[in-house]
Amino acid sequence: MSEIRVLIVDDHVVVREGSRQLLEQDNTLRVVGEAGTGAEAVQLAARLRPDVVLLDLALPDITGVEAARQIRELVPNARIVVLSAYDDEDYVFAAMDVGASAYLLKTVRGKDVIDTIHAVQEGQVILHPAVAAKLRRSMHRADDGTDPVLSPREMGILRLAAKGLHNKDIARELSISVRTVEGHLSHILTKLDVTSRTEAVVYGAAHHWFTLG
């Protein structure tokens, strides 16, 4: 298994130290840097080009969401794993909207952090179980106990959207036109009763459509 290079971002030194010690238990993970502010995280990400950024949202300068947005602009292939104390859906949607691949709460087990880093590196989208459950309850379609049925093509397009691919990239991947991708995405939003691609991806993640296995 190839090495995964990780940048840790948290304003508490003890949390960064603990995260480093945790990740170093896995010999395929290498911590390449640590940052205590959002601005420092952006600078280090641009210089170090990490594969994964383990990111807190509560930072003393710019927010973690803004840091994630800037990092994704500078290092498009970097996967963002949010490790936060906040379970409010507004934080989740904001993080996913700027390209986060995972949203974990700080109550998570260390092993789950490691597993999530590996999962996002493979293109998965992961939500903490408590966050996923809360989101499912807030999405009214889940109330009747049934999920809307997406066609295999629609599910494939949603999975690629969850990996952060733009419409033209999805079209290239599937050898179809951009207009066809747009049409499928429109049908997906209608079926899921959501208004944006981010909401559709979060819906899928909350219902475990993108998890390994």
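**Cavity lining and salt bridges**

The largest cavity is lined by Ile 8, Val 9, Asp 10, Val 15, Ser 19, Leu 54, Leu 55, Asp 56, Leu 83 and Lys 106. Strand S1 (4-9), helix H1 (13-23) and strand S3 (52-55) are the elements that each give two or more residues to this lining. The model is a predicted one. Among the lining residues, Lys 106 forms salt bridges with Asp 10 and with Asp 56.

**Cavity**
- The structure contains one cavity of 30 Å³ or more, and the largest cavity encloses about 40 Å³.
- Its lining comprises six nonpolar, one polar and three charged residues.

**Salt bridges at Lys 106**
- Lys 106 and Asp 10 pair at 3.0 Å, N to O; these residues are 96 positions apart, Lys 106 in the loop between strand S5 (100-105) and helix H5 (110-121), Asp 10 in the loop between S1 and H1.
- For Asp 56 and Lys 106, the closest N and O atoms are 3.4 Å apart; Asp 56 lies in the loop between S3 and helix H3 (64-74), 50 residues from Lys 106.
- Asp 10 is buried at 3% relative accessible area, as is Asp 56 at 4%, whereas Lys 106 is partly exposed at 36%.

**Other salt bridges**
- The count of salt bridges is 14.
- Within helix H3, Arg 69 and Glu 73 lie four residues apart, about one turn, and their side chains meet at 2.7 Å, N to O.
- Arg 16, Arg 20, Glu 24 and Glu 34 are joined into one network by salt bridges that share partners.

**Helix H7**
- Buried residues of helix H7 (152-162), including Met 155, Ile 157 and Leu 158, pack against helices H8 (167-174), H9 (178-192) and H10 (197-206).
- Gly 164, just after H7, adopts a positive phi of about 95°.

Notes: Residues are numbered from 1 along each chain as its sequence is written. This is a predicted model: local features need pLDDT of at least 70, side-chain atom pairs count only at pLDDT 80 or more; totals for chains, interfaces and linings use all residues. Side-chain values use heavy atoms; hydrogens and water are left out. On a 1 Å grid over the protein atoms alone, a cavity is a set of points where a 1.4 Å probe fits but cannot get out, and a pocket is an open set with protein on both sides within 12 Å along at least five of seven lines; lining residues have an atom within 4 Å of a point. Grid points are joined across faces, edges and corners, and a volume is the space filled by probe spheres set on the points. Ala, Val, Leu, Ile, Met, Phe, Trp, Tyr, Cys and Pro count as nonpolar, Asp, Glu, Lys and Arg as charged, and the others, Gly among them, as polar. Buried means under 20% relative accessible area, exposed over 50%, partly exposed in between (1.4 Å probe, protein chains only). Contact means heavy atoms within 4.5 Å. A salt bridge is a side-chain nitrogen of Lys or Arg within 4 Å of a carboxyl oxygen of Asp or Glu.
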